[in-house]
Amino acid sequence: MGISLISISHQNAPLAVRELFAFPENVQADLMRQMLERTAAQECVMIGTCNRTEVYAWSEREESIFTDMQNLLLEFAEASEVENIGDYVRFYGGTRAIRHLFRVAAGLDSMVVGEDQILGQVKRAHEQARKSGTCDVYLNTLFRYAVTAAKKVKTETDLSRTTVSMATMAVKAAEKTLGPLHGKKVMLIGASGKIGSVVLKNLQCIEGAELYITSRNMCQACADRHHKVTYQVMEYENRYELMDEMDVIISSTSSPHYTITYDKLAKYLRTSKPRVLVDLAVPIDIEEKVEWLPGVRRCDVDDFQELARANNEKKQHEVQAADQILEEIRLDFERWMVFQQALPEIAQLKTWMLQEAEKKGFEKAIDKMFYRIRDHSSPEALKAFFDHMKTG
């Protein structure tokens, strides 16, 4: 009985494997409902980002729950034939599952430690589960505690003071090859998406860069325009026509298909010059073969590991402070959970005490309650109970 988690993330799975489990939101909702309908769990929340697919579950049973969760995940991913799939899947139960969610929400388990986007992604995952009707009192409370803990880390540590994210690293990846982007032409595909909108804000801070954006949701892209720095909005269908002019192309969509293919790009590139293509999507947006074209360097989210390492090393002191905050709130949640699970027994105890008070008086009922605690507790638990009473 309790919280369980199955996780496939950048910590243990390469991009090629993560792609198999990168489900669109409607499929995520269906998977969560199937988890309940097939009694694999009684509550379920799924987090899906470019770096992780994680399913959190609450169940009153313990036997075979991880097997059922994994089988359903593999079924939806059509990945039952993947060799050594066990090398890429991690299972957590109880305290380990709770602690993991807290660290995820606070950005401690991210490729870029302290990145800001993950908290919003955790909130959206919880909201999606609520709308799908797949979470109730236990996971609702767990995710509220996780968000509270993450916000406390954000305000009480310097972990997020220096903003580094997948979006900022996309710019750094381009600058690593091309140098400063002043005067460079940059195309952003997927500007209205969750990550694309953040990338756009970062690009707008680059003085002198010429920005071109394209999105399937053109109305949203135009609505997000910042008056400080101008950019041109293109029709998505016409994106290839301007690619020959571009120095940098960044793609971040939720499309199941390529936004840039080798054959079409080769057809439109006429000018020989260094170009950087940055793929922030999972599944990938940019066909890997584009790197075969002269002057083209392609990078995806797994290529950011080295860029992220320096940031993560600088933040280790703040990580320790953050972990202390998370542990305190995790203990609060687990105390709540033990109390919640004991509500039927608490109700019985209250009824018994009222009956005893009617028979022998309130003082005798309290004495008898303490004797019951004594007779049904281990010496260690009994000592801990009275130690806590001393400290109030």
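## Around Phe102

In this predicted model, Phe102 touches a group of residues from other parts of the sequence. Leaving out residues up to four places away, its contacts are Leu142, Tyr145, Ala146, Ala149, Leu326, Ile329, Arg330 and Phe333.

Phe102 also belongs to the largest nonpolar core, which has 65 residues. Six members touch the most other members: Phe21, Met35, Val55, Leu73, Phe102 and Leu142. Which helix gives the most to this core? Helix α6, residues 137–156, does so with nine residues. A second core is separate and holds 38 residues. Ala22, Met166, Ala170 and Val301 are among them.

## A network in helix α12

Arg330, one of the contacts of Phe102, also forms a salt bridge. Its partner is Glu327, and the closest N and O atoms are 2.9 Å apart. Both residues sit in helix α12, residues 316–341. They are three residues apart, about one turn of the helix.

Are the two partners buried or exposed? Arg330 has a relative accessible area of 7%, so it counts as buried. Glu327 has 25%, so it is partly exposed. The cut-off for buried is under 20%. The pair is also part of something wider. Salt bridges with shared partners join Arg99, Glu327, Arg330 and Glu334 into one network.

## Bridges across the sequence

The whole structure holds 20 salt bridges. Some link parts of the chain that are distant in sequence, including the bridge between Glu75 and Arg38. Here the N to O distance is 2.8 Å. Glu75 lies in helix α3, residues 65–77. Arg38 lies in the loop between α2 (25–37) and β2 (43–49). The two are 37 residues apart. Both ends are partly exposed: Glu75 has a relative accessible area of 43%, and Arg38 has 41%.

Arg52 and Asp109 form another salt bridge, with their closest N and O atoms 2.9 Å apart. What does this pair tie together? Arg52 is in strand β3, residues 52–59, and Asp109 is in the loop between α4 (95–105) and α5 (117–132), so the bridge ties together parts 57 residues apart in sequence. Arg52 and Asp109 are both buried.

Conventions: Residues are numbered from 1 along each chain as its sequence is written. This is a predicted model: local features need pLDDT of at least 70, side-chain atom pairs count only at pLDDT 80 or more; totals for chains, interfaces and linings use all residues. Side-chain values use heavy atoms; hydrogens and water are left out. A nonpolar core is a set of buried Ala, Val, Leu, Ile, Met, Phe, Trp, Tyr and Cys residues joined through side-chain atoms within 4.5 Å. Buried means under 20% relative accessible area, exposed over 50%, partly exposed in between (1.4 Å probe, protein chains only). Helices (H or I, at least four residues) and strands (E, at least two) are DSSP runs, numbered from the N terminus. Contact means heavy atoms within 4.5 Å. A salt bridge is a side-chain nitrogen of Lys or Arg within 4 Å of a carboxyl oxygen of Asp or Glu.
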